[in-house]
Structures are given as structure tokens and as C-alpha cells.
Amino acid sequence: TLRTTLTPGQVLFREGDPPDCAYLIESGGIEVKARQRGKDVVLSLLGPGDLVGEMAVIDDSPRTATATAIGEAVLFPIDRSQIAERLAATDPIVRSLLEGQLKRYRGALAALQGQGVEAPTAPMTTSERLGVSKIRLESQLREALAARGLELGLQPLMDVDSGRIAGYEALVRWHHPERGPISPAEFVALAEETSLIVPVGEYVMDAACESVARLVEAGHGQPFVAVNVSARQLSHPGLVERIVARADAARLPRGTLKLEITESQVLDYDLVGEVIALCHAHGIKVALDDFGTGYSHLAHLHRLDFDVLKVDQAFSRNMVADPRAMAVVEAIVQLGRALQAEIVVEGVETRPQLEALRRLGCHYAQGYLIGRPRTLAQILADPVP
Ligand code: C2E
Ligand code: CA
Ligand code: CA
Ligand code: CA
């Protein structure tokens with residue numbers, strides 16, 4: 001575990017120590033004291049949910065006080081780099097306000113020490129609390145990652161012509177110890193704010209490759225696996241090379257790996273174009289996810305050589321009831337054919353939807369009618385198709 005436990009009276013850090021990290025108090029209390037004229041003065045008493053030691057980390061200066069555990073205390077270390085990264089990404093005005101605030105705080109501290117006044121209490125502002133709860137969630141995600149607390153859901157894609165399961169989309173899951181399951185829509189965005197998305201993505205890639213290997217072993221044919229990658233991952237150098245190395249290590253035929261890039265995240269056409277070219281050079285396919293919901297990329301579509309277009313649920317939802325929605329899906333299927341891209345329609349929940357897709361000549365259907373995302377163990381428990 002990443003937590004630190006202190007016994008009653010144990011010192012966390014001393015005045016003058018170099019600032020290696022900050023701490024989030026999980027349970028118990030911490031007393032922060034400074035020495036003046038040979039006497040210890042209590043500056044603050046901190047409890048669960050409070051941060052301690054972040055000040056010296058933020059402006060990279062020696063500790064100005066000594067922190068000691070009151071009773072047994074459990075702390076979550078917040079890595080220097082975790083704070084430094086956020087600080088570097090911060091709006092420069094906010095950063096200078098923060099630095100000013102710290103200077104004033106240190107000044108007040110010195111004055112206080114000179115007068116021997118009792119500890120002042122400064123409650124956290126709402127935005128500070130929000131920031132701390134985000135950092136807390138991020139730390140827990142980091143811990144979940146280390147403790148294999150993330151899981152993969154595999155959702156089947158049906159080959160519409162044959163009715164067979166042709167592959168799966170890998171969807172990451174987080175079972176939070178207190179909050180229960182957290183949607184990837186929430187924590188992927190959080191992980192994207194720092195480079196934490198990189199190890200999360202690597203976990204997903206490894207688990208996806210391993211899952212396919214196990215399915216092949218168990219006689220499920222040779223299904224493809226589609227893995228979501230976010231824009232932040234795309235701009236991380238060496239992404240495709242690392243993906244290829246992982247797929248090869250898992251002995252996954254490269255042609256069975258598809259990367260999904262969400263349309264609304266395609267902002268840098270040159271970068272995405274390079275990623276697609278590199279994927280193709282390695283035999284990996286690339287899908288444009290949530291097609292039609294982001295900004296309109298129709299003007300750029302011809303430049304981006306996607307192998308798959310994934311039609312969002314927003315279109316399939318009403319296609320049976322609304323002829324205009326049907327016309328849009330039909331047009332996208334034709335567009336895909338003209339661009340020699342495969343078409344996947346998502347959010348297929350009813351039989352009439354599936355029948356309509358068969359008539360339109362759509363390649364793959366994905367949705368609750370075909371199957372919900374399930375764990376590898378659940379899929380392996382089924383009889384072999
Ligand atoms: P997405 O890639 O568009 O994934 C499809 C989402 O629709 C999934 O939600 C899936 O469970 C849900 N879904 C599938 N079939 C149906 C259906 O018939 N009806 C309805 N109402 N919903 C259906 P989920 O798993 O909550 O994922 C949400 C989003 O989180 C994904 O959207 C994807 O953008 C992102 N995400 C998931 N896993 C990863 C990951 O490993 N890495 C990254 N970067 N993003 C991920
Ligand atoms: Ca997707
Ligand atoms: Ca999608
Ligand atoms: Ca989506």
C-alpha cells in the first residue's frame with residue numbers, strides 16, 4: 001500500500017527538512033508546531049481530509065514547522081511531482097497568486113512566532129476543497145492502479161451478416177472502495193489532467209491483449225479487440241511503439257488490434273494523421289469513435305485514413321421510430337462504404353434496430369441487445385460459441 005502510518009508522537013517532518021512530499025490525512029490527526037524562543041507553538045491541528053506539508057513542496061523551500069502525529073495517523077503521501085506537474089500546468093496568474101499567498105503566510109508565521117500567539121484557524125475555501133477532493137480521487141486511482149483495482153469490461157461486437165461475435169471493445173472499470181463503481185467518463189477525464197492516463201492506458205492495453213489471448217486459448221476463435229485511446233495519450237511520444245511491443249509480447253496478431261479515437265478529441269489533424277500512418281505501418285487499425293457527435297470533421301475526413309467509423313448511439317437510438325434518423329444512419333453507412341471504412345453502429349438495444357442495420361449493410365453492431373460489457377471471467381464461463 002502507498003499509505004504511511006504514524007504511531008502517536010511520531011514526527012512526520014521537522015523544521016528545516018527538505019520538502020520531499022506533502023500528505024493527505026486519511027485518519028487521525030497531525031499537530032504542526034514551530035519553535036520560538038525555546039518554546040513550541042502549535043500552528044495548526046489537522047484532521048482527516050486535510051493536507052499537510054504542501055506549502056514547502058509548492059515553493060520548494062525547507063519546512064518551516066515540525067509535524068507530529070496525535071494518536072495513530074494514516075497518511076497518503078502526495079508525490080512532489082504530482083504537485084509540481086499541476087503547478088506547472090496552472091494558469092500563471094493563479095500560480096503567482098498562490099506564491100504571493102505563501103509569502104504572506106510565511107511573513108505572518110514569522111510575526112506570530114515573535115509574539116507567541118495561539119494557532120489561527122484558516123478554513124479551506126470551496127475551490128481548495130474541490131481541488132483536494134480531486135487530488136484525493138487521483139491518489140486513490142493511483143493506488144487502484146498499483147493494487148490492480150481496475151478491471152476491464154469487454155463488450156461484444158456482432159458481425160451483422162453472420163450474427164457471430166467478431167470482437168470486443170475494452171471498457172475500463174473502477175470499483176471505488178467507498179463510492180462503488182465510477183464511470184470511466186469521470187475518471188478517465190481526471191487521469192487526463194495529469195499523465196496518469198498513460199499508466200491507466202497501459203493497464204487497459206495489457207489487460208485487453210491478455211484477454212484476447214485467453215479467449216483464443218479457450219476456443220473463441222480469433223476475436224479483435226478495440227481499445228480507447230484519449231488525445232492526451234496520442235500526444236505522448238512513443239505511444240504506438242509501446243502498444244506494438246505489448247501486443248507482440250502477448251502474441252496478439254496485430255491485425256486484431258483496433259484503436260478508438262473519439263471524434264471530439266480530434267483537434268490536431270496532423271498528429272492524428274501521423275498516428276494513423278504509424279498504426280498502419282504496424283498493421284494496427286484505427287476507428288473514429290462517436291462519429292457525428294463532435295465538431296464536424298467531414299471536411300477533414302478524407303485526409304484522415306480511418307479504418308472504422310463508429311456511429312454514436314445518438315443516431316441509432318431513434319432510427320426505427322424516426323425516418324430522418326434512419327436516413328442519417330443510412331448516409332453514414334454509404335459514406336463508410338465510399339471511404340472503404342467499416343461501419344460499427346453503437347447503442348443497438350432492440351431487434352428492429354439490428355434488422356434495420358442488416359438491411360443497410362452495416363458491418364458491426366454493438367449494444368445491450370448484443371451484450372453488455374462483461375469481465376473476461378464471465379465470458380469464459382459461457383459455453384464456447
Ligand atoms: P465509448 O467508447 O463511446 O463507449 C461506449 C459506452 O456506451 C460504454 O460506456 C458502454 O458501456 C455504453 N454502451 C454500450 N452499449 C450500449 C447500449 O446499448 N445502450 C447504452 N445506453 N449504452 C451502451 P462506458 O463503459 O461507461 O464508457 C464511457 C466512455 O469512457 C467510453 O465511451 C470511452 O470514451 C471512455 N472509456 C472507456 N474505457 C476507456 C479506456 O480504457 N481508455 C480511455 N481513454 N477511455 C475510455
Ligand atoms: Ca469507444
Ligand atoms: Ca462510442
Ligand atoms: Ca461515447
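Helices (H or I, at least four residues) and strands (E, at least two) are DSSP runs, numbered from the N terminus. By that numbering, strand β8 gives the largest share of the shell around ligand 1, with 4 residues. The model is predicted, so local features need pLDDT of at least 70 and side-chain atom pairs count only at pLDDT 80 or more, while totals for chains, interfaces and linings use all residues. Residues are numbered from 1 along each chain as its sequence is written, chains are lettered from A and ligands numbered from 1 in the order in which they are written, and side-chain values use heavy atoms, with hydrogens and water left out.

The shell around ligand 1 is a good place to start. Ligand 1 is surrounded by 22 residues, and the closest are Gln155, Arg173, Asp289, Glu349 and Tyr368; a residue belongs to this set if one of its heavy atoms lies within 4 Å of the molecule. By class, the shell has 9 nonpolar, 7 polar and 6 charged residues. Here Ala, Val, Leu, Ile, Met, Phe, Trp, Tyr, Cys and Pro count as nonpolar, Asp, Glu, Lys and Arg as charged, and the others, Gly among them, as polar.

Polar contacts (pairs of N or O atoms within 3.5 Å) are found at several points of ligand 1. A nitrogen atom of ligand 1 lies 3.2 Å from a backbone N or O atom of Val172. The side chain of Asp289 places an N or O atom 3.0 Å from an oxygen atom of ligand 1, and a polar backbone atom of Tyr368 is 2.8 Å from an oxygen atom of ligand 1. Taken alone, ligand 1 exposes 800 Å², of which the protein buries 82%; these areas come from the Shrake-Rupley method with a 1.4 Å probe. The elements giving two or more residues to the shell are β8 (165-176), α5 (184-193) and β12 (285-291).

Asp289 also leads to the calcium ions. Donors are N, O and S atoms within 2.8 Å of the metal (3.2 Å for Na, K and Ca), and water is not among the atoms, so sites may look incomplete. The calcium ion (ligand 2) has as protein donors Glu169 (OE), Asn228 (OD1), Glu260 (OE) and Asp289 (OD), lying 2.1 to 2.3 Å from it. In sequence these donor residues are spaced E-x58-N-x31-E-x28-D. Glu169 lies in strand β8 and Asn228 in strand β10 (residues 224-229), so the pair ties together parts that are 59 residues apart in sequence.

Asp289 bridges the calcium ion (ligand 2) and the calcium ion (ligand 3), which lie 4.1 Å apart. For the calcium ion (ligand 3), the protein donors are Asp289 (OD), Asp290 (OD), Glu346 (OE) and Glu346 (OE), at 2.2 to 2.7 Å. The spacing of its donor residues in sequence is D-D-x55-E. Distant parts of the chain are linked by Asp289 in strand β12 and Glu346 in the loop between β14 (342-345) and α13 (351-360), 57 residues apart.

Asp290 is placed in strand β12. The calcium ion (ligand 4) is coordinated by Asp290 (OD) and Asp290 (OD), at 2.8 to 2.9 Å, and lies 6.0 Å from the calcium ion (ligand 2). Phi of Asp290 is near 55°, a positive value in a residue other than glycine.

Definitions and conventions
Polar contact = N/O pair within 3.5 Å; in protein donor to acceptor, adjacent residues only side chain to side chain.
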